[in-house]
Amino acid sequence: MRVCASRTSENPRKGNHDDPAGGENLSALDLLATCNLVNYFGKHTLSGGGAGKIKIKPVLMQKGRTRVALYGLGYIRDARLHQMFSVKGNVEWARPENTEATALTSWFNMMLIHQNRVSHTPKNAISERYLPSWLDLVVWGHEHECLVEPTDFGDFHVSQPGSSVATSLIEGEAKQKKIMLLEVRSDPEAPNEAPFWRATPINLETPRPFKYRHVSLMELARLPVDEGGLGENWAPPDVAADLNGAAERRAGRRPPAAAHEAWVRAALEKNVHEMIDDALAPFRAAHRDGSGPGTEAPLPLIRLRVDYTGGFGTINAQRFGQKFVGKVANPNDVVQFHKS
């Protein structure tokens with residue numbers, strides 16, 4: 001039995017989850033399921049008082065002697081679900097019946113969950129420790145970073161496929177996009193024992209190339225001149241001069257040009273050109289002969305995050321990006337300045 005795992009989709013209007021609403025408790029996924037465009041499962045009706053109670057029931061699939069119990073959980077807000085898991089008995093798990101012909105141990109237990117995994121706040125994420133130890137594999141949706149190779153977490157494994165395309169210009173999105181082919185097979189000599197399984201990552205070749213890099217102007221300036229730096233005689237800009245420039249801006253006067261502005265611009269341009277070449281290198285290597293349809297390289301996404309701590313001035317990011325129109329897909333926000 002084979003299953004292809006990729007990241008669950010999001011509702012762009014509502015953010016993390018597609019909450020049912022209205023008198024009939026419907027969501028966009030209900031409409032897609034009615035049109036037979038998706039197989040929608042994992043929708044739960046809350047019962048009880050307080051945070052509510054749910055009973056998670058599996059979708060049971062069998063091919064020959066191979067059996068898979070597929071659990072699904074989505075759309076419940078993280079803070080509420082966190083509270084439900086924190087109270088014993090609020091989340092109940094249904095399991096297949098244990099019979100002589102179909103032993104409970106012969107099922108491969110897999111769960112698909114669409115919730116925050118990274119804990120931005122203590123109660124706005126779901127921890128793996130809340131999930132039962134008898135699960136074999138958990139496929140985690142919602143998170144963007146691609147960590148599709150299953151990793152050990154106690155008694156079960158966790159796979160995080162991530163987003164299939166770059167949805168935001170952050171470092172986690174710059175990793176190779178992948179899906180996972182999951183193969184499950186029962187033990188022919190012991191069909192009532194735990195089945196064999198393996199996961200094969202498959203690289204996606206169609207997402208737009210994306211490169212992310214973080215540079216510090218202070219570190220670049222300390223490099224020798226022949227390596228693009230300002231040399232050994234360079235010293236950090238005078239802090240007093242920065243304060244005077246800020247005072248002139250408050251007074252409505254235009255301050256003098258920032259020190260080393262031309263060098264900053266040249267250093268950033270050099271980094272962006274390197275990132276463009278790195279982003280397109282795999283595509284060029286795959287189409288060296290120039291044959292076949294669609295051999296024109298796609299415009300890459302580039303994000304250069306610049307730490308200008310140390311008295312350096314910034315440059316106009318949109319004006320800087322105009323030099324890369326036709327070379328990158330996001331010329332207006334190629335660089336992003338910040339201070340440590």
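**Close-up views of a predicted model**

**View 1. A look at two cysteines.** Cys146 is buried here, its relative accessible area coming out at 7%. Keep in mind that this is a predicted model. Cys35, on the other hand, counts as exposed, because its relative accessibility of 54% is over the 50% cut-off. If you're hunting for disulfides, a search through the whole structure turns up 0.

**View 2. The open sheet and its edges.** Here 6 strands line up in the order S3-S4-S6-S7-S9-S8, making an open sheet with mixed pairing. Strand S3 (59-63) and strand S8 (147-153) sit at the edges; each has a single partner strand, so one side of each goes without a neighbour in the sheet. Direction ignored, neighbouring strands in this sheet are turned by 20° against each other on average.

**View 3. Zooming in on S7 and S9.** Strand S7 (residues 137-141) and strand S9 (residues 156-160) run parallel and are joined by 3 bridges. Look for Val139, which has Ser159 of S9 opposite.

**View 4. Inside the largest nonpolar core.** This core has 24 residues, and Leu73, Phe85, Met111, Leu131 and Val138 are the ones touching the most other members. Elements giving two or more residues to it include helix H2 (78-86), strand S4 (66-73) and strand S6 (107-114), along with S7 and S9. Setting aside neighbours within four places in sequence, Met111 is in contact with Tyr71, Leu73, Trp93, Leu131, Leu135, Leu137, Val138 and Val139.

**View 5. Another core.** Apart from the largest core lies another one, made of 23 residues, including Val215, Ile276, Val306 and Ile315.

Methods:
Residues numbered from 1 in each chain as written. Predicted model: local features only at pLDDT ≥ 70, side-chain atom pairs only at ≥ 80, totals over all residues. Heavy atoms only, no water. Pairing = 2+ DSSP bridges. Helix = DSSP H or I, 4+ residues; strand = E, 2+ residues; numbered from the N terminus. Axes fitted to C-alpha atoms, helices over the stretch in contact; angles between N-to-C directions. Disulfide = S-S within 2.5 Å. Buried < 20%, exposed > 50% of the residue type's maximum accessible area, 1.4 Å probe, protein only. Core = buried A, V, L, I, M, F, W, Y, C linked by side-chain atoms within 4.5 Å. Contact = heavy atoms within 4.5 Å.
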